[in-house]
Structures are given as C-alpha cells and as structure tokens.
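Q: I would like a close look at one part of this model, with its surroundings described residue by residue. Please work outward from a single position and keep to what can be computed from the atoms.

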Amino acid sequence: MRVLLNIIWLVLCGFWMFLGYILAGIVACILIITIPFGIASFRIAGFALWPFGRTMANRPGAGAPSFIGNVIWFIVAGLWLAIGHLVTGLALCITIIGIPLAIANFKLIPISLAPLGKEVVRLGDPHALQTVS
C-alpha cells in the first residue's frame, strides 16, 4: 500500500515539492555559509519525493545552533515551502483519493518550517530516534 501511495504522491505533488526543496538547497549551497541549510533541504527533498513508510525524528544533541538555524531557515525558505505544502494539500483535498496525500502534505509543513535537528527514519525501525509527531 505504501508503494502505491508513494507512486500516486510522486505523480500528483511529490515531484514538484522535491524540485522546490532542491532549488532551495542549491541556492543555500551557492551561498557557502548556508551549506548546512542546503544539506537539510536535500535531506527533506528525498523525504518529500517518497514520504510514505518514513518519518522525521529528532536528532539527539541538536540544541541552540539548530534552533537559530531554524529561525533563519524559516525566514529565508521555510515559510515559502510550507505555503507550497499548504496549497498543494488543499488542492488534494478536493478528491477522495487525494485526502491521504493532503494529510501527508500537512504533516510535512512543520518539517519544512524547521528542518535542522531532524533526520528521516523508516517507520518501525528499532534504531530510530524519537519520532516527531
């Protein structure tokens, strides 16, 4: 079922959100000082491309630097990516088939707003970190 949902997701919205994160990551890497933001953006791009069966977890030891970085990320790129998830999710709510995809889009909004200090883990992984709700 996850594979089917991921394929539908990829066709309807995953590819476009993936491109948005890749663009944000490239811009961040070009600016050199914001390379950590680029790495976080590329990590979330893979998650936004194929989200079902995976989740985001808090990374242990992520403290004040991650918080400060997330504030900067929110201002520069996070807000715009969150708006993209919101608009895409609302559009997907129009059809019954799109409702699970819309819910997944809405779950990606907090991660798009504050990606630093988090990492992608598989569901059911016994070695996974503390899962983000």
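In which helix is Ile 39 found?

A: Ile 39 is found in helix α2, which covers residues 35-49. The model is predicted, so local features need pLDDT of at least 70 and side-chain atom pairs count only at pLDDT 80 or more, while totals for chains, interfaces and linings use all residues. Residues are numbered from 1 along each chain as its sequence is written, and side-chain values use heavy atoms, without hydrogens or water. Helices (H or I, at least four residues) and strands (E, at least two) are DSSP runs numbered from the N terminus.

Ile 39 counts as partly exposed because its relative accessibility is 49%, in a scheme where buried is under 20% relative accessible area, exposed is over 50% and partly exposed lies in between (1.4 Å probe, protein chains only). Cys 29 is ten residues from Ile 39 along the chain, and their C-alpha atoms are separated by 8.0 Å.

The 15 residues of α2 should span 21 Å at 1.5 Å a residue, and the end C-alpha atoms are 21 Å apart, so the two values agree; the expected span is 1.5 Å times one less than the number of residues. Phe 37, Gly 38, Ala 40, Ser 41, Ile 44, Ala 45, Phe 47 and Ala 48 are the buried residues of α2. They pack against α1, β1, α3, α4 and β2 (118-122), contact being heavy atoms within 4.5 Å.

The loop between α1 and α2 holds Ile 32. Phi of Ile 32 is near 55°, a positive value in a residue other than glycine. With a relative accessible area of 59%, Ile 32 is exposed.

Phe 37 of α2 also belongs to the lining of the second largest pocket, together with Ala 24, Val 27, Ala 28, Leu 31, Thr 34, Ile 72, Trp 73, Val 76 and Ala 77. The elements that give two or more residues to this lining are α1 (2-30) and α3 (64-92), and α3 supplies the largest share, four residues. By type, nine of the lining residues are nonpolar, one is polar and none is charged. The pocket holds about 170 Å³ of space. A pocket here is an open set of points on a 1 Å grid over the protein atoms alone, where a 1.4 Å probe fits, with protein on both sides within 12 Å along at least five of seven lines; lining residues have an atom within 4 Å of a point.

Trp 73 appears again in the largest nonpolar core, where Trp 9, Tyr 21, Trp 73 and Leu 81 touch the most other members among 24 residues. Two or more residues of this core come from each of α1, α2, α3 and α4 (99-113). Such a core is a set of buried Ala, Val, Leu, Ile, Met, Phe, Trp, Tyr and Cys residues joined through side-chain atoms within 4.5 Å. Leaving aside neighbours within four places in sequence, Trp 9 is in contact with Ala 48 and Leu 49, and also with Gly 14, Pro 51, Phe 52, Leu 101, Ala 104, Asn 105 and Leu 108.

Several of those contacts lead to α4, where the buried residues are Leu 101, Ala 102, Ala 104, Asn 105, Leu 108, Ile 109, Ile 111 and Ser 112. These buried residues pack against α1, α2, β1 (54-58) and α3. The 15 residues of α4 reach 22 Å from first to last C-alpha, close to the 21 Å expected at 1.5 Å a residue.

Within α4, Ser 112 is buried, with a relative accessible area of 0%. Not counting residues up to four places away in sequence, Ser 112 touches Tyr 21, Trp 73, Gly 78, Leu 81, Ala 82 and His 85. His 85, placed in helix α3, is likewise buried, with a relative accessible area of 0%. Beyond four places in sequence, the contacts of His 85 are Met 17, Tyr 21, Asn 105, Phe 106, Leu 108, Ile 109 and Ser 112.

Ile 109, also in α4, is buried at 17% relative accessibility. From Ile 109 to His 85 the distance is 6.2 Å, C-alpha to C-alpha, with their positions 24 residues apart in sequence. Ile 109 touches Ala 82, His 85 and Leu 86, not counting residues up to four places away in sequence. By contrast, Pro 65, in helix α3, counts as exposed at 66% relative accessibility.

Conventions. Points joined across faces, edges and corners; volume = space filled by probe spheres on them. Nonpolar A, V, L, I, M, F, W, Y, C, P; charged D, E, K, R; others polar.
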